Amino acid sequence: MSDAIFNNKRLDPEKLLLFGFTKDGNEYTYAADIVDGRFRMTVTVLNDGMVITHVADPSSNKEYLLHRTPGAGGLLAEVVRFEHERVLSEIAGSCFEQDVFESDQAQRIIRYVRDTYHDELEFLWERFPDNAIFRRKDTDKWYGALLVLSKRKLGIDSDEVIDVMDLRMRTEDIEVLVDRKKYFPGFHMNKKHWISICLDGSVQIDEIFKLIDESYELAVK
């Protein structure tokens, strides 16, 4: 259960220290009292992002394990389980970043937007954790979206799952550019105003950066 909290997340070691972890070699350690001080929870995070927890009675240092088995141990185990998950959720939210998009182009796009516009991906939908958007701070309007989907959903005869980017574009430019090979009608967007690009190298990254800049300019009120 706790493993799922860190799915599709990437560690930011500097944020661990800000959260209150201490570093010893390749390990970061954090301790918190839970269940009104009846137990001491220790969280160890390794450089590769692996998270290890230990819950013990602080007076005897005897490890408590019943919280690891859902439905076991009665009410006390349920409370410990809840507190254990709460602490891990706080650490995941404060010290880890979403890391859904695996392609080199998606990672370069994320860095480009961060460096150029100081915007971060926003994951808006709990039901769709592999969909995220970029939006302008001044107008609150989206200018890009990153998605993970099958090429078949774009009309390509392949079940390969790839990263895809949606961008705003002028209607007259969409009519010229969309060829359903490199540029596609905007997936899940208004197809008169959005296009989709496969982030598989079919479109050069510099061209994508240029289109991001144009999309940003179009995201005005």
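Begin by selecting R136 and Y216, where the charged end of R136 sits over the ring of Y216, 4.1 Å from its centre; a charge sits over a ring if NZ of Lys or CZ of Arg is within 6 Å of the ring centre and within 35 degrees of the ring normal. What you have open is a predicted model, in which local features need pLDDT of at least 70 and side-chain atom pairs count only at pLDDT 80 or more, while totals for chains, interfaces and linings use all residues. Residues are numbered from 1 along each chain as its sequence is written, and side-chain values use heavy atoms, with hydrogens and water left out.

**Rings around Y216**

Keep Y216 selected and add Y143: the ring centres are 4.9 Å apart and the planes stand at 80 degrees, so the pair is edge-to-face. Rings of Phe, Tyr and Trp (its six-membered ring) pair if their centres lie within 6.5 Å, and planes under 30 degrees apart count as stacked, over 60 as edge-to-face and the rest as tilted. The pair links distant parts of the chain, since Y143 belongs to strand β8 and Y216 to helix α6, 73 residues apart. Helices (H or I, at least four residues) and strands (E, at least two) are DSSP runs, numbered from the N terminus. Y143 is buried at a relative accessible area of 1%, and Y216, at 14%, also counts as buried; buried means under 20% relative accessible area, exposed over 50% and partly exposed in between (1.4 Å probe, protein chains only). Adding Y117 and F134 to the selection completes one aromatic cluster with Y143 and Y216.

**Strand β7 and its sheet**

Next, select residues 131–135, which form strand β7; five of its five residues are buried, so the strand is largely enclosed by the rest of the structure. N131, I133 and R135 point one way from β7, whereas A132 and F134 point the other way. Now add strand β8, residues 142–150, which runs antiparallel to β7 and is joined to it by five bridges; two strands pair if DSSP finds at least two bridges between them. Across this pairing, R135 has W142 as its bridge partner, and A132 stands opposite L146. The hairpin of β7 and β8 has six residues between the strands, and in it D140 takes a positive phi near 65 degrees.

Widen the view to the open sheet of five strands, whose order is β7-β8-β9-β11-β10 with antiparallel pairing. Its edge strands are β7 and β10 (183–185), each of which pairs on one side only. Neighbouring strands of this sheet are turned by 25 degrees against each other on average, direction ignored. Helix α6, residues 205–218, lies across β8, β9 (161–168), β10 and β11 (194–198), running at about 45 degrees to β9. Axes are lines fitted to C-alpha atoms, for helices over the stretch in contact, and angles run from 0 to 180 degrees between N-to-C directions; contact means heavy atoms within 4.5 Å.

**The core beneath the selection**

Which residues have the most contacts inside the largest nonpolar core? They are I109, F134, M165, I208 and I212, in a core of 29 residues; a nonpolar core is a set of buried Ala, Val, Leu, Ile, Met, Phe, Trp, Tyr and Cys residues joined through side-chain atoms within 4.5 Å. The elements giving two or more residues to this core are α4, β7, β8, β9, β11 and α6. Select I109 to see its contacts beyond four places in sequence, which include F134, M165, L199 and I212.

A search of the whole structure finds twelve aromatic pairs. One of them is Y112 with F209, stacked at 4.1 Å centre to centre with 10 degrees between the planes. Y112 lies in helix α4 (residues 104–117) and F209 in helix α6, so this pair ties together parts that are 97 residues apart in sequence. Both Y112 and F209 are buried.

**The other sheet**

Move now to the open sheet of four strands, in the order β2-β3-β4-β5 and with antiparallel pairing. β2 (22–24) and β5 (51–56) are the edge strands, each pairing on one side only. Strand β4, residues 39–46, pairs with β5 over six bridges, and T42 stands opposite H54 in β5. Helix α3, residues 74–95, lies across β3 (27–34), β4 and β5, running at about 35 degrees to β4.

Finish at G93, which lies in helix α3 and counts as exposed at 62% relative accessibility. The C-alpha atoms of G93 and K9 are separated by 9.4 Å, although the two residues are 84 residues apart along the chain.
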